[in-house]
Structure formats: structure tokens, C-alpha cells
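Please work through the following exercises with the sequence and the structure side by side. Each one sets a task and then solves it step by step.

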Amino acid sequence: MILSCQNISKAFGEQPVLCNVSFHIEDYDKAAIVGINGAGKTTLLRIIVGELSADEGVISLSKGKTLGYLAQNQDVDSENTIYDELLSVKADIIEMERQIRQIELSMKQATGSGLDNLMETYSRLTHSFELANGYAYKSEITGVLKGLGFTEEEFSKQISTLSGGQKTRVALGRLLLLNPDLIILDEPTNHLDLNSISWLETYLLNYKGAVLIVSHDRYFLDRITGKVVEIDQTKATSFAGNYSAYAIKKEQLRTAALNAYLKQQQEIKHQEEVIEKLRSFNREKSIKRAESREKMLNKIEVLDKPTMARTDIHMTLTPRCTSGNDVLHIEGLSKSFGKQELFSDIAMDIKRGEHVSIIGDNGTGKTTILKIINNLLEADSGTIALGTNVHIGYYDQEHHVLHMEKTLFEEISDAYPYLNNTEIRSTLAAFLFTGEDVYKRIGDLSGGERGRVSLAKLMLSESNFLILDEPTNHLDITSKEILEDALNAYEGTVLYVSHDRYFINRTANRILELADGKLISYLGNYDYYLEKKNTITGTALPSQALTSKKETILSETKLDWQAQKELQAKARKKENDLRKCEEAITSLEQELSDIESTMSQPDVATDVSKLQELAKRQQDLNEKLLPLYEQWEILLNE
């Protein structure tokens, strides 16, 4: 065991955040801490690393073990270049190398016992140098920097000139090169693109030490973790397995706890009714029996009602009207900033009902495409055409659609003047803004709070074409799941940019990859995209030149479109069969209900022949219902 947390408690003022939190991390564990925003995850990490003191409890790190911590945001204060900053981590190896070179020079002049001593020292130093991976430390630094998304041209940039996200990546690189026995990471994927996240996953999976992560990236947690510690209502519970295994187990436990709670509540209510009835008899024996039952009832340890899943944000997306089948057509689109060309001659067509995700490395121009579609930027060339009755709802990750000087109430009321005060407050309450919160200025809100306001405006827009730029940024896992469910139930069209692979997997039916200034289409979710991309990469022959590549992409796009049409036709048939089956079941069940009502009528209840006739009809209906129920279940599970 490398880390032990025993009965950790922490409160801020009168507000408890952590109560008797206990768990442990073994030497090679890859573990995650999960919970909603505000649950106390970062507070717990800060207590573990000694930045905060616990009110109660003990943190124990095994003797001789080292710990490294990456906070969410790092303001690296250094005049070094990016490369030199990471090179400073290897100062001991560099000093060893200097000593080895010096001894090599000295040995040329030494003789006798002096030479023997130098050779002994040389042997010891070179052995230590080798154990410390000294012969490959420069390659290791270069590999980490490239893995985290830095190009060789950026290695010489001064850290003081970097953005906050770049500084955090530098700090992560330093931490990885330090090789502590326990790495603790707080939201490490926030400033990484998909390739860098994939690289970090592989690095951590192969890491020789233990890893403890706080992250809202469920795909990342699924790949990395073998243990999940959940913080819920100040308490901690440990689960074996990755995030998906935790989610299934959590739902099972929640269902069992809810059933136990409801059963106990039913029994309490029953006992209270019996006690009341006994007291109403107003006799000595009945009153004594009532008192006895009351004593037993008071001894029951009443179960707390379990927290319900996904009850914080209430979101429903409903288009005001249906668009035409052709929603968006783009042709010959190009954009450059100065000498930097982002993309050229790209094209895309989006049809009604599609959920399309644009993916690609940071800086390739994904957000730029969305801004051009929304007339926030001008293209250098190309045409953009919206289809008939297309109404756009835009979610901007920088929240430029919000007015910083307005209050939340004014932001909604000015955008939707037909809403009354109650409707505005109800909408804001559905996104966790209640009471005096509605009079806060937009400019004073956190990134997550502004995100919720933007989602509220999106819901009210009743648009049939949603364009979303990183909609899951700043959302906790629960809120992401609510947005996913809302999008999956949405009957309109969606085009979005996201780095959240779990979100893409759940909501996209087509992927557009922006790479080398071009868009390549893949029909399916993120897992399908990975599978297809790996297949293409693995089977591509060196002799296949650019001439055949374009033909392959066009052919694949055509096949993908045909496959999509077949899938849509199959889905419509299933929906139609399911509807007919449900209608037949409803009709038979209604007839059964009518028969039961008829049989209970006094004149029928005494008519034996009529009862026999009705009973026979009942049996026939039940025999017809059985295969319908089986058919309905098969259709539902297809």
C-alpha cells in the first residue's frame, strides 16, 4: 500500500464537504475519484498533498515513497524555454554525465592507484547513469513534449509567453519526467487534444508507479482506471473496475437502496395505520397493543432516501418546426490567418436528423468552421447554404452569445420577451439558478455557470439545427449525461465540436475528422471511427498515392451514405412494428379490463352462463396477449 486515507473530514464554516472519507491506494493502482461539481474531489486531493489540513483523519504515505501533484491550473513562473524547463528535471543526470566526461578526460593522464580509483568511480557512475535512463533522457524529454502536443518549433518558446493551458501541459510534462511513486492528477485532459489524451492514456497505463486521477473524461477513466472512489454527499465509496463498471454497480446499489427505502416507508405507513385503528377502538387492551406497536416502530432505524440519479439539471430540446431534408451544404470553404492556412476547399453536407461531430487536433480550425457557419467569421472562399426552414441554435464555448453586463434574469427575458417572470425563474431553476442567483451578473459567473446559462438559452431557442462548440466543457459527469440524453431525444439536427470521446460515442452518428486542412467522413460513433481509421492505416500500401486516396474517400462516403439510408429505413420499420404491437396490446388489455368490470356487476355475477362466456373470452384474450408481449420485448431489444 502506498497511500492510506483514514476518516478524513473537512468543513468550510458550517458546510461539511468530507465526512469520514476512507480509502487506500496500492503500489500499482490506477484509481479515479469521481463525483459531481462541488462534491469535494479537489479538496480531498489538496488534503492528500498537504496544501489543506483536514479537520479530522489521517493521511499516510508509505515511507520512502514520493508523490507528484498536478493541479487543474498551473501558473508556471519561469524564464526558461519549454525544453529547458523539462531539462531541469534531469539536473542530477546531467551532473552525472558531466562527471563521467570529466573522469574520462582525467583517466588519460592518470596512472597506478590514481587510475584504479578513477576507473572504480567511473564504473559506479556509469552504472547509476544507465539505471537512471541517462543515455535516453533527451529522447524521453522530446517524446513527452511531442506527446503532450508541442511541436519542435515550440520547444524554444519562453514559458512566460505561454497560455494557461500550455503552462499546465508543461507542468504535466515535468511531473511525468520526475517519475514519482504516486502521480496525482486533477483534470489532466482539460488542455489536451484527442491525440495528446490518447498518448497520455498509453503513458499512464504503462507507468510503473500508482496513479490517482480526478477527471470528468469518462472515456479516459474507462481506459485507465481499475478502481473508482466516489464522493457523494460527503461520503466515500470504493468500487473495483473502470468507470463503466462503477456506473453499472452504482445504479444497481441505488436501485436496491431505493427499493429498501420504499419498502420500509410502506411498512411504517402500515404500522401507523394499524396503531391509529387500535387507538380508535378506545379500549384498554387495544390501546396497550397500540402502545406496544408504537414502541417497536420507534426502534426502527429509518433509512435515508437515496440520492436519485441525474436530478440536478432538467433539459428538453424541442424544435419549433421541422427543417427540410437538406440542412447544410458547404462547398470550397477555405480559411487562413496571415500565412497560416487552416483548411482549404473543404466540403460537407448535413441531412436532417444527423448528429455530426467534428474532431481533430487543437488549432486545425474546428471552431473556426462553426464560427463561419454562424457568420461570426468570414471565409476566404467557398459557399455555405442552409436548407429550408433551418433555424440555428448556437452554443459557443467562449460564451460570446452571452452579455457580460446583464443579469441572468435579463439575459433570458431580453432574448425571450414573451416569457413571464414565473417561466423565466422556472427555466433558470431547471439549470440550478434559484432565489437571488437570478440577479447575478453574467460577468461574475464561473465558466461552468455560464455554460449552464448558454444551455438554458439553447433549450428555449426551439431551434431545429444545433451548432455546439465544446458543450461539455466545465460540466460534471452527471450534467454531461443529462445533455447526452437531451440530444439523443432531440428530433432536430446537431453539428458539434468536442474532445469528449464518451460524449461523441453516445451522441454522434457521423464523425468528420479535420486533418491536414481536409475533412474526412466516417459514419458511426467514435469507436467506429477509431476502428475504421486503424484499419485504413494498417492496410494502406506505400504505392497508393494521393490520386487513389481521394477516390477511396469519395467511394467510402457514398457507401457510408447508402448504409446510413438502410439503417434509417430499418429504424423506421422497427418503430412502426413497435407502434402496431403496442396498439394491439393496448386494445386487448382494454377489452380485458372491460370484461373484469362487467363480471363484477351484480346482475352478471349471478348469471353462471354469462360468467362462463366472459371467462372463455378472458382466456382467449390472454392467449393472444402472450405472443404479443414476447414480440414487443424482441422488438424493444433489437
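## Exercise 1: A salt bridge within one helix

Arginine 254 forms a salt bridge with glutamate 251, with the closest N and O atoms 2.9 Å apart; a salt bridge here is a side-chain nitrogen of Lys or Arg within 4 Å of a carboxyl oxygen of Asp or Glu. The model is a predicted one, in which local features need pLDDT of at least 70 and side-chain atom pairs count only at pLDDT 80 or more, while totals for chains, interfaces and linings use all residues. Residues are numbered from 1 along each chain as its sequence is written, and side-chain values use heavy atoms, with hydrogens and water left out.

Task: Locate arginine 254 and glutamate 251, and decide whether each is buried, partly exposed or exposed.

Solution. Begin with the position: both residues lie in helix H9 (residues 243–281), 3 residues apart, which is about one turn of the helix. Helices are DSSP runs of H or I with at least four residues, strands are runs of E with at least two, and both are numbered from the N terminus. Next, apply the cut-offs, where buried means under 20% relative accessible area, exposed over 50%, and partly exposed in between (1.4 Å probe, protein chains only). Arginine 254 is buried because its relative accessible area is 17%, whereas glutamate 251, at 38%, counts as partly exposed.

## Exercise 2: A pair that links distant parts of the chain

Task: Find which parts of the chain are linked by lysine 90 and glutamate 140.

Solution. First, the contact: lysine 90 forms a salt bridge with glutamate 140, and the closest N and O atoms are 3.1 Å apart. Then the places: lysine 90 is in the loop between helix H2 (82–87) and helix H3 (91–107), and glutamate 140 is in helix H5 (residues 137–147), 50 residues apart. Finally, the accessibility: lysine 90 counts as buried at 5%, and glutamate 140 counts as buried at 18%.

## Exercise 3: A network of salt bridges

Task: Follow the salt bridge of arginine 506 and aspartate 485 to the network that holds the pair.

Solution. Start from the pair itself, whose side chains meet at 2.9 Å, N to O. Arginine 506 belongs to helix H16 (residues 501–507) and aspartate 485 to helix H15 (residues 477–489), 21 residues apart. Arginine 506 is partly exposed because its relative accessibility is 34%, and aspartate 485, at 27%, also counts as partly exposed. As a last step, salt bridges that share partners join Arg218, Lys480, Glu484, Asp485, Asp500 and Arg506 into one network.
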